[in-house]
Amino acid sequence: MAAVTEAPPLAPATPKKKPPRKRGRLTPYWLLLPGILWLVVFFALPMIYQASTSVQTGSLEQGYKVTWHFATYWDALAQYWPQFVRSVLYAAAATLLCLVLGYPLAYLIAFRAGRWRNLIMILVIAPFFTSFLIRTLAWKTILADNGPVVGALGTLHVLDVTNWLGWTSGDRVLATPLAVVCGLTYNFLPFMILPLYTSLERIDPRLHEAAGDLYARPWTTFRKVTFPLSMPGVVSGTLLTFIPAAGDYVNADLLGSTDTRMVGNVIQTQFLRILDYPTAAALSFILMAAILAMVTLYIRKSGTEDLV
Amino acid sequence: MTTDNSGDVRLSGISKTYGSFTAVHPLDLTVPQGSFFALLGASGCGKTTTLRMIAGLEEPSSGSVHLGDQDVTHLPPYKRPVNTVFQSYALFPHLDIFENVAFGLRRRGIKSVKKQVEDMLELVQLGEQARKKPHQLSGGQQQRVAVARALINHPKVLLLDEPLGALDLKLRRQMQLELKRIQTEVGITFIHVTHDQEEAMTMADTVAVMNAGRVEQLGAPTDLYENPQTTFVANFLGTSNLIEAEVDSRNGDEIILKAAGAKLTLPGARCSAPATAGGKVLVGVRPEKVSLTHADDAGEVPEGRNRITGRIADSSFIGVSTQYVIDSPVCPEFEVYAQNIDRDARLTPGAEVVLHWNPAHTFGLDAAQDIDAGVETVEADEGVAA
């Protein structure tokens, strides 16, 4: 081997080749730099800043100082735990609804849409061309007290049921938990459909044929083959829906009432109106930790590590 | 067992059209119980479509499919006593090998599958791999899992759709023998779709050669090889030398033909074309049936043999034999495969030679056909099979 590398024709070329090789070794790091800078400036620094804010004490007039006052966390949790619970419940309900509504649609696009596939995909994404706020405000009109939806629900006695469940109150849908969950579901539905579609579309159609060939009826084929294989999509879809929904405050703000305030609303109020920065920062970290814990548990439970 | 015909597959007038394209022309075919049947053809010839119609994965446009006495034409695949080994195996990636093999049993509500699955994995020599996922196995192993997954259900008929297409040559030969062994062992009807003529001939008892949605010829491999009825079969199955000749006269059971000055004899029984004096016939002979003698020794060629002259254009030594391409007035690229027993050193490119063969090995085809039908199709479509 040594004789080959030391062969005379190669010798003069070796010193010339060395510098570019050195630069080549550094190239990946140069390429990573913009991304790392971005993360540092827009993620790491704000996180550190917020973390320090959360353990400060003081007032707006006299300024805040880091006093390692961890009690802010306990106080915030003690005071706002109902909003936390509500956030998790609403986000979970919206995620479940998204899954129930989104799965058939994603299935349809992936396997049955044929030449309509692109059109339906565009329709799924189309709402993104309008502002989040405008879309949520539109739901105010849809669910208006004198609107056709509430009228129809009243006539069909659906409102009686939802009233009894505590999802609505009186003859109203607006300003009730139902309205907030509807808004959340609507706004985050595409985040469920797109990953579901991607993972369904990847399934080899021959696997369906093979299942049918091995005596599985269509429903069994779905349960035993299609659904398990779409688990990566289900997991990422539910995460992409649940995480932003749990922290959302716009839907609760526009479609809800003081009784439907979520933790996002509390944080927003603390930051922007009450100007109690430590409490707001502490709430943000509690929310983050809670979501992180739930997501970890969920991924462990769904056992999709080797599928993702 | 002799009277059991439940494994017979009967296709009556079955056809498949997609819009204006006819994939399979109305086709009648009977595959007897327990036979190893091959559907052979180039890609797009309709063989896979035919197989899928038997499996129930494709609804025939007309005709009916019977398994034994049961009409299964309109039964969905999960109600047919038929299983398929798919071209790319279609193993379930989320299930381990054991569960893949157990899939069919579980769907039929069989609770204790352990023994059966283990026995089946033993049959295909994969007992050790039961708890692995499909992607952890090699191509050959995956192929065996696919076979096991289908066979465990004891289907009346096992359908194999190019099952060896993804394997390399050596493994393919090994799997051919393996499949043949399994078929003999279990005695189930196998219908095997392939574009590899050698594979079809090695494995199957009966081969149906398909071309453009029709069965060109059906028979035992030796029968197809020795007595091709069409130019497609003659060229697709092995290699044939086809000579355009004119019928000169009939002499009892023999037809005497003329081709560029040469006089050739053809047994009447081996001519699938009407042979009237003055009519054209394609005369065929397989390359290995032909002997090569140097022109200087022309006198030593025994009487009664068909003989033509030519010049060696090319020769390639491939170990057991030498393949010559002869430029002859009757056929520009006449191929001869000579066993390397006593090699004549004079037989090199440029040498004048006499080609001669036993008239009994000659076959006659209808001259109205495309003389090149089926040539080279196998190589051109390798790996892109339908």
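**Exercise 1. The nonpolar cores**

Find the largest nonpolar core of this predicted model and say which residues have the most contacts inside it.

*Solution.* Start with the count: the largest nonpolar core has 110 residues. Next, look for its best-connected members, which are B:Val101, B:Ala148 and B:Ile191. Now take B:Ala148 and set aside its neighbours within four places in sequence; its contacts are then B:Val101, B:Met120, B:Leu121, B:Leu123, B:Val124 and B:Leu126. Finally, turn to another core, which lies apart from the largest one and has 50 residues. Among its members are A:Leu178, A:Tyr186, A:Ile193 and A:Tyr197.

**Exercise 2. Chain B as a whole**

Describe chain B through its secondary structure, its span, its buried residues and its contacts.

*Solution.* Begin with the elements: chain B comes to nine helices and 20 strands. Then turn to the span of its C-alpha trace, which is about 80 × 45 × 40 Å along the principal axes. Of the 386 residues in chain B, 43% are buried. For the last step, take the contacts in chain B with a separation of 6 or more: 67% of them join residues 24 or more positions apart.

**Exercise 3. A sheet of six strands**

Work out the strand order of the open six-stranded sheet in chain B, and explain why strand 6 and strand 10 each have one side without a neighbour in the sheet.

*Solution.* Read the order across the sheet: 6-7-8-3-9-10, with mixed pairing. Strand 6 (82-85) and strand 10 (214-219) of chain B are at the edges, and each has a single partner strand, so one side of each has no neighbour in the sheet. Neighbouring strands are turned by 20° against each other on average, direction ignored. To finish, add a helix to the picture: helix 4 (residues 139-151) of chain B lies across strand 6 and strand 7 (157-161), and runs at about 175° to strand 6.

**Exercise 4. Strand 8 and its partners**

Is strand 8 of chain B largely enclosed or not, and how does it pair with strand 3 and strand 7?

*Solution.* First check burial: six of the six residues of strand 8 are buried, so this strand is largely enclosed by the rest of the structure. Next, sort the side chains by direction. B:Thr189, B:Ile191 and B:Val193 point one way, while B:Phe190, B:His192 and B:Thr194 point the other way. B:Ile191 also appeared in Exercise 1, among the residues with the most contacts in the largest core.

Now follow the pairing. Strand 3 (residues 36-40) and strand 8 (residues 189-194) of chain B pair in the parallel sense over five bridges. Here B:Phe36 has B:Phe190 as its bridge partner, and B:Leu39 stands opposite B:Val193. Strand 7 of chain B also pairs with strand 8 in the parallel sense, over five bridges, and B:Leu160 has B:His192 as its bridge partner.

**Exercise 5. Where the chains touch**

How many residues of chain A and chain B are in contact, and which helix of chain A supplies the largest share of its side?

*Solution.* Count both sides: 16 residues of chain A are in contact with 17 residues of chain B. On the chain A side, helix 9 (205-213) and helix 10 (218-229) each supply at least two residues. The largest share, six residues, comes from helix 9 of chain A. Sorted by class, this side of chain A has nine nonpolar, two polar and five charged residues.

**Exercise 6. Checking a helix length**

Compare the expected span of helix 14 of chain A with the distance between its end C-alpha atoms.

*Solution.* Helix 14 (residues 277-302) of chain A has 26 residues, which at 1.5 Å a residue should span 38 Å. Its end C-alpha atoms are 37 Å apart, which agrees. The buried residues of this helix include A:Pro278, A:Leu283 and A:Ile286.

Note on methods:
Residues numbered from 1 in each chain as written. Chains lettered and ligands numbered in written order. Predicted model: local features only at pLDDT ≥ 70, side-chain atom pairs only at ≥ 80, totals over all residues. Contact = placed C-beta atoms within 7 Å. Helix = DSSP H or I, 4+ residues; strand = E, 2+ residues; numbered from the N terminus. Nonpolar A, V, L, I, M, F, W, Y, C, P; charged D, E, K, R; others polar. Pairing = 2+ DSSP bridges. Axes fitted to C-alpha atoms, helices over the stretch in contact; angles between N-to-C directions. Expected span 1.5 Å × (residues − 1). Buried ≥ 20, exposed ≤ 12 C-beta atoms within 10 Å, placed from the backbone. Core = buried A, V, L, I, M, F, W, Y, C linked by C-beta atoms within 7 Å.
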